[in-house]
Amino acid sequence: MNKIKLIIADDHKIFLDGIISLLSDYSNFEIVATATSSEELIELINKYDIDIVITDITMKGMSGIDATKIITDLKPGIKVLILSMHKSEEFLLNAVQAGACGYLPKDSPSKELIEAINIIYKEGCYFNREISEYFLKNYTRRHKFEQNIIEKEELTNRE
């Protein structure tokens with residue numbers, strides 16, 4: 001079985017060490033490198049052959065979203081999983097638009113992180129239930145809003 005090659009980026013050393021410790025328990029993962037900034041992450045993706053980047057959004061210097069855009073432009077084969085404390089629509093949409101294949105809140109169970117990595121590697125994308133429901137609710141709300149606008153654009157003869 002091929003190992004899933006990972007680079008992990010987070011500017012909080014304790015959190016980074018915890019993710020490394022967690023993933024090191026799984027024989028199908030190989031942590032190729034770690035980064036504490038987006039700039040360092042960009043340098044590393046040019047040095048190593050990897051499958052998945054796990055990155056935070058808020059880091060010193062360039063954001064993880066900006067790094068995601070650069071990574072997906074430079075190396076389209078690399079998949080990016082955002083692991084962040086941010087759950088707002090702005091961050092979610094920006095991450096997806098930048099090319100992220102997954103988004104997982106930092107308060108997710110460790111089992112879900114393992115599942116997300118495996119699914120992204122095999123199938124391409126992973127958004128946990130909370131994030132998926134959020135996207136679906138917003139899509140439905142926007143669709144209804146757009147339909148109301150379209151229906152109201154028709155004017156009567158008097159108008």
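These legends go with close-up views of a predicted model. Local features here need pLDDT of at least 70 and side-chain atom pairs count only at pLDDT 80 or more, while totals for chains, interfaces and linings use all residues. Residues are numbered from 1 along each chain as its sequence is written, and side-chain values use heavy atoms, with hydrogens and water left out.

**View A. The open sheet has six strands.** Reading across, the order is S2-S1-S3-S4-S5-S6, with parallel pairing. Strands here are DSSP E runs of at least two residues, helices are H or I runs of at least four, both numbered from the N terminus, and two strands pair if DSSP finds at least two bridges between them. S2 (29-35) and S6 (126-127) sit at the edges with a single partner strand each, so one side of each has no neighbour in the sheet.

**View B. Strand S1 meets S2.** Six bridges join S1 (residues 4-9) to S2, and the two run parallel. Look for Leu-6, whose bridge partner in S2 is Ile-31.

**View C. Helix H5 (residues 110-123) comes just before Gly-124**. Its buried residues (under 20% relative accessible area, 1.4 Å probe, protein chains only) are Glu-112, Leu-113, Ile-114, Ala-116, Ile-117, Asn-118 and Ile-120. Gly-124, which follows H5, has a positive phi, near 115°.

**View D. Ten residues' worth of lining?** What surrounds the largest cavity? The lining includes Ile-8, Ala-9, Asp-10, Phe-15, Ile-19, Ile-54 and Lys-106. S1, helix H1 (13-24) and S3 each give two or more residues to that lining.

Conventions
The expected span of a helix is 1.5 Å times one less than its number of residues. Buried means under 20% relative accessible area, exposed over 50%, partly exposed in between (1.4 Å probe, protein chains only). On a 1 Å grid over the protein atoms alone, a cavity is a set of points where a 1.4 Å probe fits but cannot get out, and a pocket is an open set with protein on both sides within 12 Å along at least five of seven lines; lining residues have an atom within 4 Å of a point.
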